[in-house]
Structure formats: structure tokens, C-alpha cells
2 protein chains.
Amino acid sequence: MLKGHLDAIVLAALEAGPAHGYAVIETIRARSGQTFDLPEGTIYPALHRLEQAGLLSSSWTTPPSGRRRRVYSLTKAGAAALARRRKDWTRFAGAVDSFLGGRAWPA
Amino acid sequence: MLKGHLDAIVLAALEAGPAHGYAVIETIRARSGQTFDLPEGTIYPALHRLEQAGLLSSSWTTPPSGRRRRVYSLTKAGAAALARRRKDWTRFAGAVDSFLGGRAWPA
DNA sequence: CCACATACCTAGTAATGCTAGGTATGGATG
DNA sequence: CATCCATACCTAGCATTACTAGGTATGTGG
């Protein structure tokens with residue numbers, strides 16, 4: 001359960017460049033070392049939500065050989081939101097660590 | 001938003017010894033460096049939930065001079081659950097860090 | 001040809017933290 | 001002594017959110 005952090009992760013997954021939904025799922029699975037194996041019912045609504053919020057923009061691609069795909073890319077607002085989320089995460093994780101500890105690192 | 005991690009934090013706050021609800025709120029606020037300033041409507045239901053689940057036990061104290069308080073303490077199952085949550089958190093935080101990064105620490 | 005991976009979607013569910021209200025007592029302040 | 005605030009407890013209902021469970025369709029490999 002990534003309650004509350006899914007959006008940040010999706011944005012981060014699109015930071016390297018545009019990608020379609022299914023690819024986002026695989027990127028997240030790979031980059032997290034199989035920890036986050038998210039079902040489609042989690043990702044697709046999240047992508048729609050983020051586009052609705054103006055943090056992503058999408059366009060359909062229909063290559064001559066291949067299936068139709070909806071490709072998402074970060075908007076300017078999306079990049080800004082990601083930066084904010086990064087700071088939030090650092091603060092949040094630091095605070096949780098003060099309870100669940102074992103994760104001290106140098107200033 | 002601590003969605004999904006609140007229980008672990010409450011359990012951790014009671015790790016040092018029994019405490020009543022209001023004290024738990026203050027402990028959490030202090031230990032988190034004011035990051036988690038939780039309303040009572042968050043903590044009390046959480047304490048009830050955890051007691052219901054057998055992870056906490058409670059008893060009323062009515063000192064001669066003072067207000068009635070409900071004191072909670074970790075049960076054995078609660079301590080075990082906390083240990084599990086600790087491992088989960090480490091794994092989870094590590095995975096999120098692989099996206100939101102900037103937090104590398106020595107093995 | 002048939003199974004499977006790819007690729008998209010949505011309605012409904014369950015969990016959960018929070019808002020907003022309520023009650024009551026003790027200590028401090030004027 | 002009256003008033004206010006901090007302490008201390010509680011709950012009903014709300015909003016968000018990730019997930020379950022279904023559905024559709026196409027390309028590829030056996």
C-alpha cells in the first residue's frame with residue numbers, strides 16, 4: 001500500500017521521459033525491485049487523475065505496426081508538483097524514521 | 001498524510017512504555033519534530049482499532065487528584081506487529097527512495 | 001488456431017485518516 | 001468567584017484512494 005505516495009511515484013516514473021500506462025507499471029515494478037507490483041486498476045485511474053489535475057498530458061499514438069497506446073508526459077506543473085512531493089517525502093520519511101528508526105544517515 | 005503508517009507510529013510511540021491517548025498525541029508531535037500534529041479524531045479511533053485487534057490493552061486510571069485517563073500498553077502481539085511494521089517500512093521507504101531518491105545511506 | 005502478453009478502461013468496494021461536533025474536569029487569571 | 005484555556009475523552013459521517021473484478025481488443029508465439 002502506497003497510500004498517498006502513488007502520485008509522486010507515477011510522476012517520478014515519467015520524469016525520464018514520456019511513456020504509456022502499461023510501461024509505467026513495468027517501470028515501477030522494475031525500479032522498486034518488485035516491491036511495487038501495481039495492478040492496472042491502480043495505475044490507469046491514477047494517470048487519469050493526474051491528467052485531470054494538469055500534471056500530465058497525454059496523446060494517442062497509433063504506430064503502423066503496433067497497438068494503440070496512450071502516451072503520458074509530465075507537464076510543467078507536473079514537474080513542479082514532483083519537486084514538491086520530493087520535499088514532502090523527505091520530511092515525511094525522516095519523521096517516520098524517528099519512530100521506526102534504523103535508518104540514520106549523515107546530514 | 002500517514003495513510004497506512006499511522007498504526008506503526010502509534011505502536012512505536014507506546015514502545016517505551018504505557019501512555020494515555022492525549023500523551024500519545026504529544027509524543028508523536030514531539031518525536032516527529034512537529035511534522036505529525038495529529039487531531040484527536042485520528043488518534044482515538046486508531047487506539048480503539050489497535051485494541052480491538054489485540055495489539056494494545058487499556059485500563060482506566062483515576063488518580064486521587066487528576067482527571068480520568070485511559071492508559072494503553074503494547075501487548076505481546078502488539079510488539080510483534082511493530083517489529084513486522086518496521087521491516088515493512090524499511091522495505092517500503094527503500095523502494096520509494098528509488099524513485100524520490102536523494103536519500104542514499106551506507107549499507 | 002489458440003493461448004498469452006500487451007494495452008486500455010471502469011464501476012464498485014474497503015480502508016482509513018480527518019472534520020466537526022460533543023462532554024467534562026482541573027488549573028490559571030482576572 | 002467567574003471565566004477561559006488546556007487537558008482528556010468520545011463518535012458519526014466525510015473524502016480520498018488504492019484495489020478488486022470485471023470488460024474489450026490486438027499482436028505474437030506455439
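**Notebook: pockets, strands and DNA**

**Entry 1: the largest pocket**

I began with the largest pocket: helix H1 (6–13), helix H3 (40–52) and helix H4 (76–100) of chain A, plus helix H4 (76–100) of chain B, each supply at least two residues of its lining. I'm working from a predicted model, where local features need pLDDT of at least 70 and side-chain atom pairs count only at pLDDT 80 or more, while totals for chains, interfaces and linings use all residues. Residues are numbered from 1 along each chain as its sequence is written, chains are lettered from A and ligands numbered from 1 in the order in which they are written, and side-chain values use heavy atoms, with hydrogens and water left out.

Some terms for my own use. Helices (H or I, at least four residues) and strands (E, at least two) are DSSP runs, numbered from the N terminus. A pocket is sought on a 1 Å grid over the protein atoms alone: it is an open set of points where a 1.4 Å probe fits, with protein on both sides within 12 Å along at least five of seven lines, and lining residues have an atom within 4 Å of a point.

How much space lies in the largest pocket? I get about 440 Å³, a volume being the space filled by probe spheres set on the grid points, which are joined across faces, edges and corners. The lining has 24 residues, and A:Met1, A:Leu2, A:Lys3, B:His5 and B:Phe92 lie nearest the centre. H4(B) gives the largest share, five residues. I sorted the lining by class and got nine nonpolar, six polar and nine charged residues. In this sorting Ala, Val, Leu, Ile, Met, Phe, Trp, Tyr, Cys and Pro are nonpolar, Asp, Glu, Lys and Arg are charged, and the others, Gly among them, are polar.

**Entry 2: the second largest pocket**

Next came the second largest pocket, at about 260 Å³. Its lining includes A:His20, A:Tyr44, A:Trp60 and A:Arg67. Helix H2 (21–31), H3 and strand S3 (69–74), from chain A, each put in at least two residues. S3(A) gives the most, three residues. The classes come out as four nonpolar, three polar and four charged.

**Entry 3: strands in chain B**

Which strands of chain B pair with S3(B)? I count two strands as paired if DSSP finds at least two bridges between them. Strand S1 (residues 19–20) runs antiparallel to strand S3 (residues 69–74), with two bridges joining them. One partner pair there is B:Ala19 with B:Tyr72. Strand S2 (residues 56–61) pairs with S3(B) too, in the antiparallel sense, over six bridges. I noted B:Trp60 opposite B:Arg70 as bridge partners.

**Entry 4: two glutamines**

I also checked backbone angles. Most residues other than glycine have a negative phi. A:Gln34, though, has phi near 70°, a positive value, and sits in the loop between H2 and H3 of chain A. Buried or exposed? A:Gln34 is exposed, at a relative accessible area of 53% (buried is under 20%, exposed over 50%, partly exposed in between, with a 1.4 Å probe and protein chains only). B:Gln34 has a positive phi of about 70° and lies in the loop between H2 and H3 of chain B. Its relative accessibility is 53%, so B:Gln34 counts as exposed.

**Entry 5: DNA strand C**

I took a residue as near a strand if one of its heavy atoms lies within 4 Å of it. For DNA strand C that gives 22 residues, with A:Tyr22, A:Glu40, A:Arg69, A:Arg70 and B:Thr42 closest. Sugar or phosphate makes up 65% of the strand C atoms within 4 Å of the protein, and bases the rest.

Then I looked for polar contacts, meaning N or O atom pairs within 3.5 Å. A polar side-chain atom of A:Arg70 is 2.5 Å from a phosphate oxygen of strand C. The side chain of B:Arg67 has a polar atom 2.8 Å from a base oxygen of this strand. H2, H3 and S3 of chain A and H3 of chain B each give two or more residues to this surface. H3(A) gives the most, five residues.

**Entry 6: DNA strand D**

Which residues come nearest to DNA strand D? Of 24 around the strand, they are A:Arg49, B:Tyr22, B:Glu40, B:Arg69 and B:Arg70. A polar side-chain atom of B:Arg69 lies 2.2 Å from a phosphate oxygen of strand D. For B:Lys3, a side-chain N or O atom is 3.4 Å from a base oxygen of strand D. H3 of chain A, with H2, H3 and S3 of chain B, are the elements giving two or more residues here. The largest share, five residues, is from H3(B). By class I have seven nonpolar, eight polar and nine charged residues near strand D.

Terms used
Polar contact = N/O pair within 3.5 Å; in protein donor to acceptor, adjacent residues only side chain to side chain.
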